[in-house]
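Me: Hey, got a minute to walk me through this one? I'm new to it.

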Amino acid sequence: MMRVFVGITGASGVIYGIKVLELLRRVGAEVHLSISKTAEKIIQLETDYSASHVKSLADYVWDESDLTAPPASGSFGIDAVAIVPCSTKTLAAVANGITLNLIVRAAEVALKERRRVVLVIRESPLSLVHARNIERAILAGAVVMPASPGFYTKPRTIEELVTAFAGRVLDALGIRHELAPRWEGGSARPGPGRPASSAPF
Ligand SMILES: Cc1cc2nc3c(=O)[nH]c(=O)nc-3n(C[C@H](O)[C@H](O)[C@H](O)COP(=O)(O)O)c2cc1C
């Protein structure tokens with residue numbers, strides 16, 4: 001069973017993090033979750049979910065300030081880390097090795113252990129500071145995925161758009177799944193719950 005750490009930080013697009021948690025649950029991953037203080041507020045502002053519902057999607061929930069939590073140590077064996085969404089502050093901390101909290105520490109540990117780290121950043125436009133931190137994170141081994149969903153699957157709802165993007169996050173984490181639509185050379189194969197005829201290409 002894959003052991004995945006998910007950090008949800010204070011950027012717009014917390015729904016992506018929530019959808020990633022739902023998909024991870026469906027593939028049977030062991031999920032460790034930490035939500036930053038600002039992300040909790042943004043969950044309230046942007047979604048109809050409560051923070052407690054989001055936490056219920058994970059197997060283990062850790063306070064972002066708890067640097068004694070197991071995911072803070074490489075010996076615990078987290079296989080992959082996703083920070084979804086990842087604020088530019090958290091990006092800066094990961095890219096520059098500033099261990100602000102457990103979320104940054106989990107990413108730092110995964111980088112040193114040569115495990116997968118996926119940072120779903122969300123900011124627009126980008127400054128040179130952001131661009132340089134993105135470069136540093138990539139050079140350190142992270143996968144930086146701007147929260148920029150594709151439209152080639154012809155999503156009909158925001159739910160479908162978010163699911164397709166969250167599926168790409170699972171791909172980047174190295175998890176095989178059939179939970180989201182994929183491009184298959186001339187046509188998009190639909191994800192579950194959507195008939196093939198509704199995804200013409
Ligand atoms: C409603 C709201 C939306 C925000 N959206 C973004 C965003 O899209 N990207 C970003 O980098 N920061 C955004 N911020 C600012 C971050 O939340 C802020 O920099 C915070 O300190 C990040 O801390 P964290 O990474 O520990 O959650 C937003 C803040 C609020 C209150």
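Me: How far is the polar side-chain atom of Thr-90 from an oxygen atom of the ligand?

Reply: In this predicted model, that atom of Thr-90 lies 2.6 Å from a ligand oxygen. That makes a polar contact (a pair of N or O atoms within 3.5 Å).

Me: And how much of the ligand does the protein cover?

Reply: The protein covers 70% of the 640 Å² of accessible area that the ligand has on its own. Areas like that come from the Shrake-Rupley method with a 1.4 Å probe.

Me: Which residues are closest to the ligand?

Reply: Gly-10, Ser-36, Ser-87, Thr-90 and Arg-122 are the closest of the 14 that surround the ligand, where a residue counts if one of its heavy atoms lies within 4 Å. A polar side-chain atom of Ser-87 is 2.5 Å from a ligand oxygen, and for Gly-10 a polar backbone atom is 2.5 Å from a ligand oxygen.

Me: What's the shell like by class?

Reply: Three nonpolar, eight polar and three charged residues. Here Ala, Val, Leu, Ile, Met, Phe, Trp, Tyr, Cys and Pro are nonpolar, Asp, Glu, Lys and Arg are charged, and the others, Gly among them, are polar. Helix 2 and helix 4 (88–96) each supply at least two shell residues.

Me: Before I go on, what about numbering and cut-offs?

Reply: Residues are numbered from 1 along each chain as its sequence is written. Local features need pLDDT of at least 70, side-chain atom pairs count only at pLDDT 80 or more, totals for chains, interfaces and linings use all residues, and side-chain values use heavy atoms, with hydrogens and water left out.

Me: New topic: which residues touch the most others in the largest nonpolar core?

Reply: Ile-8, Leu-24, Val-169 and Leu-173, out of 36 residues. A nonpolar core is a set of buried Ala, Val, Leu, Ile, Met, Phe, Trp, Tyr and Cys residues joined through side-chain atoms within 4.5 Å. Another core, of 25 residues, lies apart from it, including Ala-107 and Ile-121.

Me: Is Asp-48 buried or exposed?

Reply: Exposed, because its relative accessible area is 85%; exposed means over 50%, buried under 20%, and partly exposed in between (1.4 Å probe, protein chains only). Asp-48 sits in the loop between helix 2 and helix 3 (51–56).

Me: How many helices and strands does the chain have?

Reply: Seven helices and eight strands, taken as DSSP runs numbered from the N terminus (helices H or I, at least four residues; strands E, at least two).

How values were computed
A polar contact is a pair of N or O atoms within 3.5 Å; within protein, one must be able to donate a hydrogen and the other to accept it, and residues adjacent in sequence count only if both atoms are side-chain atoms.
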